[in-house]
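Student: I would like to learn how to read a structure step by step, starting from a single place in the chain and working outwards. Could you take me through one?

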Amino acid sequence: YVPLIIETVLFAVVGTYISAILAFIFGLLMAEEINSLAPVRLIVRMLVSFIRNIPVLVWASLLVYIFGIGNMVGLLALIIATFGFLARSYAEEMNHIAGSKLEALKATGASKTQLVIHGLLPEFYPSWINWTLFSFEINIRASAILGMVGAGGIGIMIQTNIRLFKYQEASALIIV
């Protein structure tokens, strides 16, 4: 079972990593202080809201239906669901940061890149770590559950043991 446990943890690590990168970019697009184009902010916010409101199991079931059973389907479902959660969280944190420091940088003629690097990132970094680690914790649990719908990982063995009435082995896997 060790390879399946490692696979499940790797799903969570890779899913969190990729979605955190994408979510940061979309968070910048949704942040009012960074992106001054209201139509772009609105469209991106609607897209992220749509993605965020669909649970990871629904994404997994939909992707299994489209692409078939496999590990990449589970990883993709995890990335999509985590992306929606993190993009919204990051954007909210970025909007809270917008304050006197960013206004001071704007007053001195700083570019958007300088605003992000010198004004936003130092303040955003603790929140980024907080939300990303919280998301990683959720993804560990979700990646185990995704296997139950045929998306790989330890969930396949849990589901198999339950169907074969091997409840002791299934319980041991759940505890692990």
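Tutor: Let us begin in a loop, bearing in mind that this is a predicted model. Phe165 is found in the loop that lies between helix H7 (155-163) and helix H8 (167-175).

Student: What is the phi of Phe165?

Tutor: The general idea comes before the case: most residues other than glycine have a negative phi. In this model the phi of Phe165 is near 60°, which is a positive value in a residue other than glycine.

Student: Is Phe165 buried or exposed?

Tutor: The idea here is to compare the relative accessible area with a cut-off, and exposed means over 50%. Phe165 has a relative accessible area of 62%, and therefore it is exposed.

Student: How does Thr132 read by the same approach, buried or exposed?

Tutor: Buried means under 20%, so Thr132, at 13% relative accessibility, counts as buried. Thr132 lies in helix H6 (residues 112-146), and, when residues up to four places away in sequence are not counted, it touches Thr16, Ala20, Leu86 and Tyr90.

Student: With which side chain does the side chain of Thr132 make a polar contact?

Tutor: The partner is the side chain of Tyr90, at 2.5 Å. Tyr90 has further contacts of its own: leaving aside neighbours within four places in sequence, these include Ala20, Ala23, Phe24, Phe124, Trp128 and Trp131, as well as Thr132.

Student: Which residues touch the most other members of the largest nonpolar core?

Tutor: To read a core, one looks for the members with the most partners inside it. In this core of 34 residues, they are Leu28, Tyr90, Met94, Leu120 and Phe124. At least two residues of the core are supplied by each of helix H1 (2-30), helix H2 (38-52), helix H3 (56-67), helix H4 (71-97) and H6, while the largest share, 14 residues, comes from H4.

Student: How many helices and strands does the whole protein chain have?

Tutor: The count comes to eight helices and zero strands. The C-alpha atoms fill a box of roughly 70 × 30 × 20 Å along the principal axes, and buried residues make up 38% of the 176 residues in the chain.

Student: What share of the contacts join residues at least 24 apart?

Tutor: Such a share is read against a stated set of contacts. Among those between residues at least 6 apart in sequence, 68% join residues at least 24 apart. As for the surface, the protein chain exposes about 9800 Å², of which carbon and sulfur atoms supply 71%.

Methods: Residues numbered from 1 in each chain as written. Predicted model: local features only at pLDDT ≥ 70, side-chain atom pairs only at ≥ 80, totals over all residues. Heavy atoms only, no water. Helix = DSSP H or I, 4+ residues; strand = E, 2+ residues; numbered from the N terminus. Buried < 20%, exposed > 50% of the residue type's maximum accessible area, 1.4 Å probe, protein only. Contact = heavy atoms within 4.5 Å. Areas by Shrake-Rupley, 256 points an atom, 1.4 Å probe, with all protein chains shown as cover. Polar contact = N/O pair within 3.5 Å; in protein donor to acceptor, adjacent residues only side chain to side chain. Core = buried A, V, L, I, M, F, W, Y, C linked by side-chain atoms within 4.5 Å.
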